[in-house]
Amino acid sequence: MKLLVTGGQGMVGSAVEGKNDEIIHLSRDNCNLLNKKQTHRLFSQLKPDGVIHCAGKVGGIGGNSNFKGEYFYNNLLINTNVIEASRLAGVKRLVAYLSTCVFPDNVTYPLTIDQIHTGEPHSSNYPYAYAKRMADVQIRAYREQYGLNYTSIIPSNIYGPNDNFNLDHGHVMPMLIHKLYLAKKNNTDFTVWGSGKPLREFIYSKDIAKISKWILENYEGTDPLIISGDEEVSIKDLVDLLVQEFNFKGNVIFDSTKPDGQYKKPSDNSKIKELLPNFEYTPFEKGIKETVNWFIENYENARK
C-alpha cells in the first residue's frame with residue numbers, strides 16, 4: 001500500500017510505520033494544505049492508496065482561546081482540501097482525526113458518537129470543535145454519495161515524542177513537560193494552570209498510530225470510532241508523575257485563577273475494544289518516561 005500521512009512530521013504522523021508499505025510522511029514543507037491547488041496537485045501526482053490525515057492547527061486552552069478565528073479557518077480549509085483531494089485522486093480509504101472537543105459541552109457521559117452533533121461545544125474551543133465536526137460531516141457525505149471508505153476517529157489526549165511543547169499554546173502534557181524542564185533548569189517554582197482536579201484520558205502516540213493504520217486497512221463500518229485508554233487521570237496525578245520523572249525538588253503551585261477547561265471527558269471506547277480486544281496499550285508511566293526522555297534529549301530541536 002502507498003500510504004500518505006498528512007502532518008507526517010508531527011507527533012502522530014511520524015509514529016505511523018509499516019514494514020511492507022510505502023509511507024510518505026507529508027509535512028508543511030512539502031505542501032501547504034491551506035492551498036487548494038497545491039493540495040490537489042500533490043495528491044494527483046502521488047496517487048496514494050490510503051491517507052491518514054493528522055494535519056491541523058492544534059493547541060491547548062491558550063491556543064484555542066486566543067486564536068479562535070485562525071483555528072476555525074485553518075482547520076476547516078485543511079480538512080476540506082485533503083478530503084476532496086483524496087476523492088479526486090482516487091483514494092479509496094482515509095482516516096481523519098477529530099478530537100474529543102467536538103462533543104457538546106452539555107453532554108451525557110461517557111462520550112458516545114451519537115452525541116457529536118447534538119449541541120454547542122465548550123466555549124473554550126468551539127471554533128476548533130466546529131471545524132473538526134465539519135470533517136465528520138464531509139466524510140459522511142462522501143460515503144453516501146461516492147461510496148468511499150472514509151472514516152473519522154476521535155482520540156483522547158494524545159501524547160508522546162515529537163509533540164509541540166509550546167509553552168503558550170500547547171496541549172496539557174507537552175506544555176507541563178516543558179514548564180517543568182525549565183523550572184528544574186532555572187531552579188524556580190513549577191506553576192500549573194488550574195486546580196489540578198480535572199480528569200483526562202490519555203493515549204500514547206505510538207499506540208494511536210498503530211490503531212489508525214489498522215482502521216485504515218480493516219475497518220468497514222460507517223460510524224466514527226472513539227479511541228482512548230481505559231482510565232482517567234487527574235491533572236494533579238499527571239503532575240505528580242512528571243515531578244517524579246524529572247526528580248524535581250522545587251515548589252509545585254496550582255494557579256486556580258487560570259481556567260481548568262472542562263472538568264472531565266470520559267469516552268466510550270467499547271467499539272474499538274471490540275474490534276481490537278487483544279491490543280496492548282503502552283502503560284502510562286512508560287509512555288511518560290519515553291516522552292520526557294525524548295524531550296530532554298531533543299530539547300534544542302523540539303517544536304516549542
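At what angle do H1 and helix H3 (residues 68–88) pack, and how far apart are their axes? The legends below take up this question and then tour the rest of this predicted model.

**View 1. Helices H1 and H3 meet in a right-handed crossing.** Two packed helices are described by the angle between their axes and the distance between the axes. For H1 and H3, the angle is about 35° and the axes are 9 Å apart. Look for Lys36, Thr39, His40 and Phe43 on the H1 side, facing Asn81, Val82, Glu84, Ala85, Ser86 and Leu88 of H3. Sorted by type, the residues of this contact are four nonpolar, four polar and two charged.

**View 2. Six strands form an open sheet with parallel pairing.** Reading across, the strand order is E2-E1-E3-E4-E5-E9. Strands E2 (22–25) and E9 (225–227) stand at the edges; each has a single partner strand, so one side of each is left without a neighbour in the sheet. From one strand to the next, the twist averages 20°. Helix H1 (residues 36–46) packs on this sheet, where it touches strand E1 (2–6), E2 and E3, and its direction makes about 160° with that of E1. Helix H6 (residues 205–218) lies across E1, E2, E3, E4, strand E5 (149–155) and E9, and runs at about 145° to E4.

**View 3. Strand E3 has parallel partners in E1 and in E4.** Strands of a sheet pair through backbone hydrogen bonds, either parallel or antiparallel. Four bridges join E1 to E3, and four bridges also link E3 (residues 50–53) with E4 (residues 93–97). Valine 51 is a good place to pause: it is the bridge partner of leucine 4, and it also stands opposite leucine 94 in E4. Further along the pairing with E4, isoleucine 52 stands opposite valine 95, and histidine 53 has alanine 96 as its bridge partner. Both faces of E3 are covered, with Gly50 and Ile52 buried on one side and Val51 and His53 buried on the other.

**View 4. Strand E4 is largely enclosed by the rest of the structure.** In a regular strand the side chains alternate between the two faces of the sheet. Here Arg93, Val95 and Tyr97 point one way from E4, while Leu94 and Ala96 point the other way. Five of the five residues of E4 are buried, so the strand is largely enclosed. Five bridges join E4 to E5, and these two strands run parallel. One of the facing pairs is arginine 93 with asparagine 149 of E5. With helix H4 (residues 126–146), the two strands make a right-handed β-α-β unit.

**View 5. Three loops hold backbone features to inspect.** Most residues other than glycine have a negative phi, and most peptide bonds are trans. In the loop between H1 and E3, lysine 47 has a positive phi, near 45°. Asparagine 187 also has a positive phi, near 60°, and is found in the loop between helix H5 (172–186) and strand E7 (190–193). Is asparagine 187 buried or exposed? Its relative accessibility is 72%, so it counts as exposed, the cut-off being over 50%. The loop between E4 and H4 holds proline 110, which is joined to tyrosine 109 by a cis peptide bond with omega about 5°.

How values were computed:
Residues are numbered from 1 along each chain as its sequence is written. This is a predicted model: local features need pLDDT of at least 70, side-chain atom pairs count only at pLDDT 80 or more; totals for chains, interfaces and linings use all residues. Side-chain values use heavy atoms; hydrogens and water are left out. Two strands pair if DSSP finds at least two bridges between them. Axes are lines fitted to C-alpha atoms, for helices over the stretch in contact, and angles run from 0 to 180 degrees between N-to-C directions. Contact means heavy atoms within 4.5 Å. Buried means under 20% relative accessible area, exposed over 50%, partly exposed in between (1.4 Å probe, protein chains only). A crossover is right-handed if, with the strands pointing away from the viewer, the path from the first strand over the helix to the second runs clockwise. A crossing is left-handed if the near helix is turned anticlockwise from the far one by less than a right angle, and right-handed if clockwise. Ala, Val, Leu, Ile, Met, Phe, Trp, Tyr, Cys and Pro count as nonpolar, Asp, Glu, Lys and Arg as charged, and the others, Gly among them, as polar.
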